[in-house]
Amino acid sequence: MMKKLIFILNVLLGFSAFAQTQVPSPPAVVIQKVGSTEVMIKYAQPAVKGRLVFGTKDQKALVPFGEVWRTGANEATTFEISNDITVQGKTLAKGVYSLFTIPGASEWTIIFNKEAKMWGAYTYKAANDVLRVSARVSEHAPTEQFTISVSASGQVTLDWEKTSVSFYLK
């Protein structure tokens with residue numbers, strides 16, 4: 001009986017220790033109603049960890065300007081909407097998309113791709129893009145972990161390092 005109790009305690013302590021381990025890029029989900037449309041964004045949150053995040057290849061930036069980025073870590077970020085909406089004034093049909101970006105120093109390209117399930121951007125194909133829009137970059141207070149937020153008014157904001165990029169849904 002005592003051996004069984006010790007075994008159960010070890011199992012429980014093991015699960016507790018496992019649950020407390022930090023994941024390098026933890027998963028996150030944002031759900032927000034914008035008008036009558038539910039918006040759900042699933043992504044992973046990489047951390048700065050003292051690295052230069054956005055910049056040129058010469059600067060050895062983690063996310064180089066001018067290249068397609070999965071907009072998070074691990075699997076491609078997904079963007080799901082329950083109704084047709086407009087993004088920066090352009091129509092996007094109801095559905096699930098992967099959300100990619102092409103960062104630049106002053107402007108980003110926001111990409112909605114019809115292939116929603118993929119790891120990173122390794123199998124990304126521009127031919128599957130259903131919508132591309134531009135968004136302006138602004139400086140932001142330092143943010144250690146990549147964060148996406150959506151306001152009830154439809155502002156989607158991507159914050160990481162000292163960079164903030166917003167685009168608008170209606």
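Biologist: Which residues does Arg51 touch, not counting residues up to four places away in sequence?

Modeller: The model is predicted. Contact is read from heavy atoms within 4.5 Å. Arg51 touches Leu62 and Glu161 on that reading, with residues up to four places away in sequence not counted. For Leu62 there is also a C-alpha to C-alpha value: Arg51 and Leu62 are 7.2 Å apart in space and eleven residues apart in sequence.

Biologist: Where does Arg51 lie with respect to the strands?

Modeller: Arg51 belongs to the loop that runs between strand S2 (37–44) and strand S3 (54–55).

Biologist: Which backbone oxygen atoms does the side chain of Arg51 reach?

Modeller: The side chain of Arg51 reaches the backbone oxygen of Ala47 at 2.5 Å, and that of Val48 at 3.0 Å.

Biologist: Why does Arg51 count as partly exposed?

Modeller: The class depends on relative accessible area: buried is under 20%, exposed is over 50%, and partly exposed is in between. Arg51 counts as partly exposed because its relative accessibility is 35%.

Biologist: Is Thr101 buried or exposed?

Modeller: Thr101 has a relative accessible area of 0%, so this residue is buried. Its place is in strand S8, residues 95–102.

Biologist: With which side chain does the side chain of Thr101 make a polar contact?

Modeller: A polar contact joins the side chain of Thr101 to the side chain of Thr71, at 2.9 Å. Thr71 also appears among the residues that Thr101 touches, beyond four places in sequence; the others are Glu67, Val68, Trp69, Trp108, Thr109, Ile110 and Leu158.

How values were computed: Residues are numbered from 1 along each chain as its sequence is written. This is a predicted model: local features need pLDDT of at least 70, side-chain atom pairs count only at pLDDT 80 or more; totals for chains, interfaces and linings use all residues. Side-chain values use heavy atoms; hydrogens and water are left out. Helices (H or I, at least four residues) and strands (E, at least two) are DSSP runs, numbered from the N terminus. Buried means under 20% relative accessible area, exposed over 50%, partly exposed in between (1.4 Å probe, protein chains only). A polar contact is a pair of N or O atoms within 3.5 Å; within protein, one must be able to donate a hydrogen and the other to accept it, and residues adjacent in sequence count only if both atoms are side-chain atoms.
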